[in-house]
Amino acid sequence: MKQGIFTLEQARQLTGDVWELRLSGDAAAIAAPGQFVNVELPGRFLRRPISVCDWTETGLILLVKEAGEGTKELVRLPAGTELDVLSGLGNGFDFSAAQEPAVLVGGGIGIAPLYGLAKRMLAAGREVKAVLGFRSKEDAFYLEEFAALGLEVRAASEDGSLGTRGFVTDVLKELPSCAYVLACGPTPMLRAVCALPQLSGGQFSFEARMACGFGACVGCTIETKQGLRRVCKDGPVFRKEDILWQTSL
């Protein structure tokens, strides 16, 4: 974990409630896709944990969904605002352990960390495709950015206005070669993906409410086969075989 000052360079609205933020600053503490940052907001007691979409040593891209007053304020800060950020938090995806062909599976704002993961897997010569789920076409974002990386991208929408009508699981059932997933999204989606009979393994990144973001408050625990584990410190990525779904979040 590293504390530093980042400068908001640009805020771009992607959908009605999802924004892309570009920040400059020392991001060298980030070591793996799937890690997150904790952003301090002016006048707010608790920081806001946000998954890292992509990064270089000198900057970050964050995808932020307006989920409350804090994130609503964050995405509307003017360019040039300096933010106190804790970076390099959590344990990310280990794509070296992924069987091929691997499938990246994202739902809603859970898509964010999969973009940086896809870039690094492709750069390492790994075979990968993506399945991304949204409520509707109007809620979809970053499809063009994923496609520009050169991987196959399939979409699902609950109302059928984009791609397959239904959920990401409906798309995955049509992929006979899908045996290993790297997934991020709401817990019901992760649970449904994990239950697919064709999966031999996977890594699942949990979304959870966090107070401290680095393991001190023990407010984001889930139960695993190794006992209680903190999403912020021991996760947010957990392996399929370790999760006890009936008690997770």
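Here is a short tour of one buried glutamine and two nonpolar cores. The model is predicted, so to speak of local features pLDDT must be at least 70, side-chain atom pairs count only at pLDDT 80 or more, and totals for chains, interfaces and linings use all residues. Numbering starts from 1 along each chain as its sequence is written, and side-chain values use heavy atoms, with hydrogens and water left out.

**Stop one: Gln 35.** Select Gln 35, in the loop between β2 (18-24) and β3 (36-39); strands here are DSSP E runs of at least two residues and helices H or I runs of at least four, numbered from the N terminus. Its relative accessibility is 7%, so Gln 35 counts as buried (under 20% relative accessible area, 1.4 Å probe, protein chains only).

Now show its side chain. What does it reach at 2.6 Å? That is the backbone nitrogen of Ala 31. A polar atom of the Gln 35 side chain also lies 3.4 Å from the backbone oxygen of Gly 88.

**Stop two: the largest nonpolar core.** This core has 30 residues: buried Ala, Val, Leu, Ile, Met, Phe, Trp, Tyr and Cys joined through side-chain atoms within 4.5 Å. Pick out Leu 104, Tyr 142, Phe 146 and Leu 182, which touch the most other members. Colour β5 (59-65), β7 (102-107), α2 (112-123), β8 (128-134) and β11 (180-185) next, as each supplies at least two core residues. The largest share, six residues, comes from α2.

Zoom in on Leu 182: beyond four places in sequence, its contacts (heavy atoms within 4.5 Å) include Phe 93, Leu 104, Met 121 and Gln 203.

**Last stop.** Select Leu 172, Ala 183, Val 231 and Trp 245, among the 29 residues of a second, separate core.

Note on methods. Buried < 20%, exposed > 50% of the residue type's maximum accessible area, 1.4 Å probe, protein only. Polar contact = N/O pair within 3.5 Å; in protein donor to acceptor, adjacent residues only side chain to side chain.
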